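Trainee: I have a structure in front of me and would like to learn how to read its features one by one. Could you guide me through it?

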Amino acid sequence: MRRYHSGPDFRRAHSIAELAQMAHRRLPHFAWEYLEGGAEEELTLARNRQAFADINLLPHTLVPCHGTETRRTMFNHEWPLPMAIGPTGYNGMLYHDADIHLARAATERGLPFTLSTVSTSSLEQIVAAVPEVNLWFQLYCMSDPQVQDDLLQRANAVGCQTLLLTSDAVLLGNREWDKRNFARPRQLSLRNKFDVLCHPRWIRQAVWPQGMPSMANLDRYLPADQRNAAGAAHFIGAQMEKTLDWDYLARLRDRWPQRLLLKGVLHPADAEKAVALGLDGIVVSNHGGRQLDGVPASIDCLPAIAAVAKGKLAILLDSGIRRGTDILKACALGADAVLLGRATLYGVAVAGQAGAAHALDLLTNELHLALTLLGQPDMSRLTATAANTHSPLFTVS
Ligand code: FNR
């Protein structure tokens, strides 16, 4: 990562990369690696960024611009921007009540916020704190059908209209940093304990005096003495349903009549199956490089998926979005919108809601600027001439 010297004030971060740098300084080592790391050699993690860099933009010149248009219609709803905050678990380790801060930042900008199954604020807490939130819920398939059903009922009861089933994490990816940083499950190594003591600001903003957060959505399924990080981690490890398949998804389609999206699609044949099942959308995603190392960047998979699924369901994309131009490239190649993962997490880790809002505003401003400079101020008219992402990207005029 390039080094920046922007100091501690998040408002002086001019890019997501600078926010990341600040988060790196702010967080203890184990929390930073949790946020930033990928699986094994981190090949996919690196590819996620490189693939965006490999796409060229070919602008039209002398196009008068009387303002930019970023509105998009998706799910019969008009969105101010083609982006939403995606699901990330255990955010409260970065900043106390981080899920609530993210939900507020998204809601203020008219954007959806996705709560993870393994979040540190519960569905009910989010809606109580941010009543206007456009709440999406991400589901991990649970082996106990009662737990699964209860989660769906709770999501429905709080008014959640959109469910994302994550399919690429039936087992946790091989994240070696996790093994290095902990002496035993949930027990930091001595070196990391010392490192934590060197980060008093993080201690104040994340864990003092309340301690490490639990996975609030799951608390009620655990015995009272296990409602903590260790108990929840053990529970979720045992619950993750390894036999998740298309039949399960078909049953979920019947069980959940509202919007249903499948997150973790990279193969065009799977996108076709999602269309056939009557899903409302897919998220083209490799989980930010945290699951199977060596899979392609999701942006590299997008053109083939768009070729079979565009217009038949909503196509969202995540993994590696750090710039407004990345959003522009994803939409030109067939995405209806993108999900943000680490980009807003850097912000929330540095300054809670204001930091998350800053990340959203950086991306928004970059997107508007890029549309103007590209000579195509209307997002809905962006197209790419070639399915090959290594070709120049053309716009229609
Ligand atoms: C994730 N992601 C994730 N996905 C999911 O479906 N449920 C989850 O609980 C989590 N948890 C999670 C934690 C952290 C710290 C990260 C970074 C990611 C994956 C996430 O939804 C998304 O796919 C990636 O974050 C996208 O990649 P970038 O944009 O973060 O590089």
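Mentor: We will go from the whole chain to one helix, keeping in mind that this is a predicted model.

Trainee: How many helices and strands does the protein chain have?

Mentor: The protein chain contains 15 helices and 14 strands, and along its principal axes the C-alpha trace spans about 65 × 50 × 40 Å.

Trainee: What does the radius of gyration say about the protein chain?

Mentor: A compact globule of 397 residues would have a radius of gyration near 21 Å, and because the protein chain has 20 Å, the value agrees with that expectation. Buried residues make up 57% of the 397 residues, and of the contacts with a separation of 6 or more, 70% are between residues 24 or more positions apart.

Trainee: Which atoms supply the exposed area, and how many charged side chains are there?

Mentor: About 16,800 Å² is exposed by the protein chain, with carbon and sulfur atoms supplying 54% of it. As for charge, there are 39 positive and 39 negative side chains, and the centres of these two sets lie 5 Å apart.

Trainee: Is helix α14 mostly covered or mostly exposed?

Mentor: Start with the general idea: an α-helix has 3.6 residues a turn, so residues three or four places apart point the same way. In this structure, helix α14, which runs over residues 324-332, is mostly covered, with 8 of its 9 residues buried; among them are Asp 326, Ile 327, Leu 328 and Lys 329.

Trainee: What phi does Gly 334 take, just after α14?

Mentor: Gly 334 has a positive phi of about 125°.

Technical notes. Residues numbered from 1 in each chain as written. Predicted model: local features only at pLDDT ≥ 70, side-chain atom pairs only at ≥ 80, totals over all residues. Heavy atoms only, no water. Helix = DSSP H or I, 4+ residues; strand = E, 2+ residues; numbered from the N terminus. Rg over C-alpha atoms; globule rule 2.2 N^0.38 Å. Buried < 20%, exposed > 50% of the residue type's maximum accessible area, 1.4 Å probe, protein only. Contact = heavy atoms within 4.5 Å. Areas by Shrake-Rupley, 256 points an atom, 1.4 Å probe, with all protein chains shown as cover. Lys, Arg positive; Asp, Glu negative; His and termini not counted. Charge placed at Lys NZ, Arg CZ, Asp CG, Glu CD.
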